[in-house]
Amino acid sequence: MAKATVEVPTKVIVDCSTGESTIVPLTEEELAQRETDRLAWEAQEATRLAEEEAKATAEASAISKLEALGLTSEEIAALKG
Amino acid sequence: MKLIETKTLGSAAAAIEFTSIPQDATDLYITINARTTNAATTDSVLFKINGVTTNQSRRRLQGLGSGTPTSSTTTSFQFTVVGDTATSNTFGNAGIYIPNYTGSTNKSLLIDLVTEHNSTTAYQELHSGLLSSSSAITSLSFEGQGTNFVAGSTVSLYKITKGSDGTTVVS
């Protein structure tokens, strides 16, 4: 049975001093850095989405409290600016 | 504004890197037309200057085509392009402007972009960024977050030169 080959991601390097472009496989170090970058990005995204969700929840809560006080949707919209 | 180099991928690649950027101009302008293999309608591209993601800050204003735009901050330069499940054959378009790239003062940058998707959600973004570094910019790279740019993705690098009277020369 033939062995499955794992395709190594490549990068294209454009040398602006010569105009030449080359395609090279990522090194072990670059692959590790790529994974580190990806995980850092996922963590940042998770934080951002959690903050957005918390903000949306707080806004919905504030709107329902304002409605309970008798404000109309137009008045609430005016408050939000 | 003069084209330094442009690269259109003939096959998928994880990153596109420009090296040995000439130091004979004032500003840089980059256009990116890209789509990645990310299994979503969008992907985030990591933009490295001189190979690093440190000493960077960025603020983004993002609209989705409906609802209230949001703002966010990050400590590295990232921007949105089209992912694999967006409408077929569409690409995200971004422009990056970097003034005074050869100087020894900190580097500011501006990114503006749109994504394409025949649905209610498509992104429009404005970013302001700061790289705290006294080094001149000699290399730039663009990478998906663990994904590949698809064939046909294009990145072009331009330079803008200031004339002796301080105004930009258009040639």
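Select the loop between strand 4 (42–49) and strand 5 (56–63) of chain B, and pick out B:Asn50 in it. This is a predicted model. B:Asn50 has a positive phi of about 55°, although it is not a glycine. For comparison, most residues other than glycine have a negative phi. Is B:Asn50 buried, partly exposed or exposed? It has 15 C-beta neighbours inside 10 Å, so it counts as partly exposed.

Stay in this loop and move along to B:Asn55, which also lies between strand 4 and strand 5 of chain B. B:Asn55 is not a glycine, yet its phi is positive, at about 55°. Because B:Asn55 has 14 C-beta neighbours inside 10 Å, it counts as partly exposed.

**Chain B as a whole**

Now select all of chain B and colour it by secondary structure. How many helices and strands are there? Chain B has zero helices and 13 strands. Its radius of gyration is 16 Å, close to the 16 Å that the globule rule gives for 171 residues, so chain B is as compact as a globular protein of that length. Turn the C-alpha trace of chain B along its principal axes, and it spans about 50 × 35 × 30 Å.

Of the 171 residues of chain B, 40% count as buried. Contacts within chain B often link distant parts of the sequence: among those between residues at least 6 apart, 77% join residues at least 24 apart. Colour chain B by confidence next. The average pLDDT is 91, and 98% of the residues score at least 70. For the model, the scores are ipTM 0.90 and pTM 0.86.

**Chain A as a whole**

Switch to chain A. It has two helices and two strands, and along the sequence they follow the pattern β-β-α-α. The radius of gyration of chain A is 26 Å, whereas a compact globule of 81 residues would have one near 12 Å. The C-alpha trace of chain A spans about 70 × 45 × 20 Å along its principal axes. What percentage of the 81 residues of chain A count as buried? The figure is 6%.

Go to helix 2 (residues 73–80) of chain A. This helix is hardly covered, and zero of its eight residues are buried. Just after helix 2, select A:Gly81, which takes a positive phi of about 85°.

**The hairpin of chain A**

Next, show strand 1 and strand 2 of chain A together. They run antiparallel and are joined by five bridges. To see one of the pairs, select A:Val12 and its bridge partner in strand 2, A:Ile23. The hairpin has five residues between the strands, and A:Gly19 takes a positive phi near 80° there. Strand 2 of chain A has five residues and the number buried is zero, so this strand lies largely in the open.

**A sheet made from both chains**

Show both chains again and follow the sheet across. Six strands form an open sheet in the order 2(A)-1(A)-2(B)-11(B)-4(B)-7(B), with mixed pairing. Which strands stand at the edges? They are strand 2 of chain A and strand 7 (78–82) of chain B; each has a single partner strand, so one side of each is left without a neighbour in the sheet. From one strand to the next, the twist averages 25°.

Zoom in on the place where the sheet passes between the chains. Strand 1 of chain A pairs with strand 2 (residues 15–19) of chain B in the parallel sense, over five bridges. Select A:Asp15 and find its bridge partner in strand 2 of chain B, B:Thr19.

Continue to strand 11 (residues 140–144) of chain B. Strand 11 runs antiparallel to strand 2 of chain B, and four bridges join them. One pair to display is B:Ile16 with its bridge partner in strand 11, B:Phe142.

**Where the chains touch**

For the last stop, select the residues in contact between the chains: 20 residues of chain A and 25 residues of chain B. On chain A, strand 1 (10–15), strand 2 (21–25) and helix 1 (28–68) each supply at least two residues of this side. Which element gives the largest share? Helix 1 of chain A does, with seven residues. By type, the residues on the side of chain A that touches chain B divide into eight nonpolar, five polar and seven charged.

Definitions and conventions. Residues are numbered from 1 along each chain as its sequence is written. Chains are lettered from A and ligands numbered from 1 in the order in which they are written. This is a predicted model: local features need pLDDT of at least 70, side-chain atom pairs count only at pLDDT 80 or more; totals for chains, interfaces and linings use all residues. Two residues are in contact if their C-beta atoms, placed from the backbone, lie within 7 Å. Ala, Val, Leu, Ile, Met, Phe, Trp, Tyr, Cys and Pro count as nonpolar, Asp, Glu, Lys and Arg as charged, and the others, Gly among them, as polar. Two strands pair if DSSP finds at least two bridges between them. The radius of gyration is taken over C-alpha atoms; the globule rule is 2.2 Å times the number of residues to the power 0.38. A residue is buried if 20 or more other C-beta atoms lie within 10 Å of its own, exposed if 12 or fewer, and partly exposed in between; C-beta atoms are placed from the backbone. pLDDT is the predictor's confidence in each residue, from 0 to 100. Axes are lines fitted to C-alpha atoms, for helices over the stretch in contact, and angles run from 0 to 180 degrees between N-to-C directions.
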